[in-house]
Amino acid sequence: MENKLKTSDLSGKKVIVLGGSSGLGLAAAKAAGNEGANIIIVSSNQSRIDSALRELPEGSSGFAVDLSKEKSIKSFFEQVGNFDHLVYTAGENITMSMVGDTDIENGKDFFTIRFWGAFAAIKYGKAHINEGGSITLMSGNFGQRPSAGYSLGSTICGAMDAFTRAMAVELAPIRVNNIAAGVIKTNLWNNLSDEDRNGFYNHLASTLLLKRVGEAEDIAQAFVYLMKQPYTTGQSLVTDGGAVLV
């Protein structure tokens, strides 16, 4: 029991959050930092990194890395050394479009960071994960409950769910899981006007079992849970206010 408790404790653990300068990644980094973890955030934007570090515990660090480039990801893991937990939340905004209106070449770009970036992070990061460590990826409930106009988002979520299970088998005993989040109030929805975004949130809240749209902190708690949970792997943890049930 003593060993399991040490594995579950984040105090002094080294946690890397790719996509950690804003949104869900920053919230996860804050939550892990509040548990005593040593935080490293990664983003392509140095100014956002600098801003995020002001919100994180003293001693946290950040790296500007182009997560669309395999060589950049490889170089980062070569210099960062061993660590305990890897969180991947990076991704650009996905715009809604019906399949007939979707530009396929542009659609391919959505996979570059969200899927292939995560793939490369595991490819080059796995050898540096300490015993008892974990990987937690970012998915979404659109993979289980698609909406019209979200074919790209649903497909990426489904791919990430399958990738999670494959990596849990291939990398065992490293634990690999993902968060299948519902709609969360983050900058992911900044492509909508303020009026449209607020209308979207209000409508969604009226349909959800919990009668509110999720906050970044809700998802951050799920990330911390999966980092600390020593007996869960290959799972997609649905965290969506009950959206898949309605």
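Two strands are said to pair if DSSP finds at least two bridges between them. In this predicted model, Val-17 stands opposite Ile-41 in strand 2. Strand 1 and strand 2 (residues 38-43) run parallel and are joined by 5 bridges.

**Confidence**

The average pLDDT of the protein chain is 93, and 97% of the residues score at least 70. Residues 1-7 have a pLDDT below 50, and beyond near neighbours in sequence this stretch has 3 contacts in the model. Where pLDDT is low, the predicted coordinates should not be read in detail.

**The sheet**

Strands of a sheet pair through backbone hydrogen bonds, either parallel or antiparallel. Here 7 strands make an open sheet with parallel pairing, in the order 3-2-1-4-5-6-9. Strand 3 (61-64) and strand 9 (236-239) are the edge strands, each pairing on one side only. From one strand to the next, the twist averages 20 degrees.

Which strands does strand 1 stand between in the order 3-2-1-4-5-6-9? Its place is between strand 2 and strand 4. Of the 5 residues in strand 1, 4 are buried, so the strand is mostly covered. After strand 1 the chain passes through helix 2 (residues 23-34) to reach strand 2, a β-α-β crossover that is right-handed. On the side of strand 4, strand 1 (residues 14-18) pairs in the parallel sense with residues 83-88 over 4 bridges. In this pairing, Val-15 stands opposite His-85.

Two helices that pack on the sheet can be described by the strands they touch. Helix 5 (residues 104-125) touches strand 1, strand 4 and strand 5 (129-140), and its direction makes about 170 degrees with that of strand 4. Helix 6 (residues 151-171) touches strand 5, strand 6 (175-181) and strand 9, and its direction makes about 165 degrees with that of strand 5.

**Aromatic pairs**

A pair of aromatic rings is described by the distance of the centres and the angle of the planes. A search of the whole structure finds 12 aromatic pairs. The table gives two of them, including their geometry.

| Pair | Type | Centre to centre | Angle between planes |
|---|---|---|---|
| Phe-63 and Phe-76 | edge-to-face | 5.3 Å | 70 degrees |
| Phe-115 and Trp-116 | edge-to-face | 5.0 Å | 85 degrees |

What parts of the chain does the pair of Phe-63 and Phe-76 tie together? Phe-63 lies in strand 3 and Phe-76 in helix 4 (residues 70-80), so the pair ties together parts that are 13 residues apart in sequence. Phe-63 is partly exposed, with a relative accessible area of 24%, while Phe-76 is buried at 1%. In the other pair, Phe-115 has a relative accessible area of 12%; because buried means under 20%, Phe-115 counts as buried.

Ring pairs also link a cluster made of Phe-142, Tyr-150, Trp-189, Phe-200 and Tyr-201.

**Backbone details in two loops**

The peptide bond between Ala-172 and Pro-173 is cis, with omega about 15 degrees. Pro-173 is found in the loop between helix 6 and strand 6.

Lys-211 is a residue other than glycine with a positive phi, near 60 degrees. This residue is found in the loop between helix 7 (194-207) and strand 8 (214-215). Is Lys-211 buried or exposed? Its relative accessibility is 54%, and exposed means over 50%, so Lys-211 counts as exposed.

Definitions and conventions. Residues are numbered from 1 along each chain as its sequence is written. This is a predicted model: local features need pLDDT of at least 70, side-chain atom pairs count only at pLDDT 80 or more; totals for chains, interfaces and linings use all residues. Side-chain values use heavy atoms; hydrogens and water are left out. Axes are lines fitted to C-alpha atoms, for helices over the stretch in contact, and angles run from 0 to 180 degrees between N-to-C directions. Contact means heavy atoms within 4.5 Å. Rings of Phe, Tyr and Trp (its six-membered ring) pair if their centres lie within 6.5 Å; planes under 30 degrees apart count as stacked, over 60 as edge-to-face and the rest as tilted. Buried means under 20% relative accessible area, exposed over 50%, partly exposed in between (1.4 Å probe, protein chains only). pLDDT is the predictor's confidence in each residue, from 0 to 100. A crossover is right-handed if, with the strands pointing away from the viewer, the path from the first strand over the helix to the second runs clockwise.
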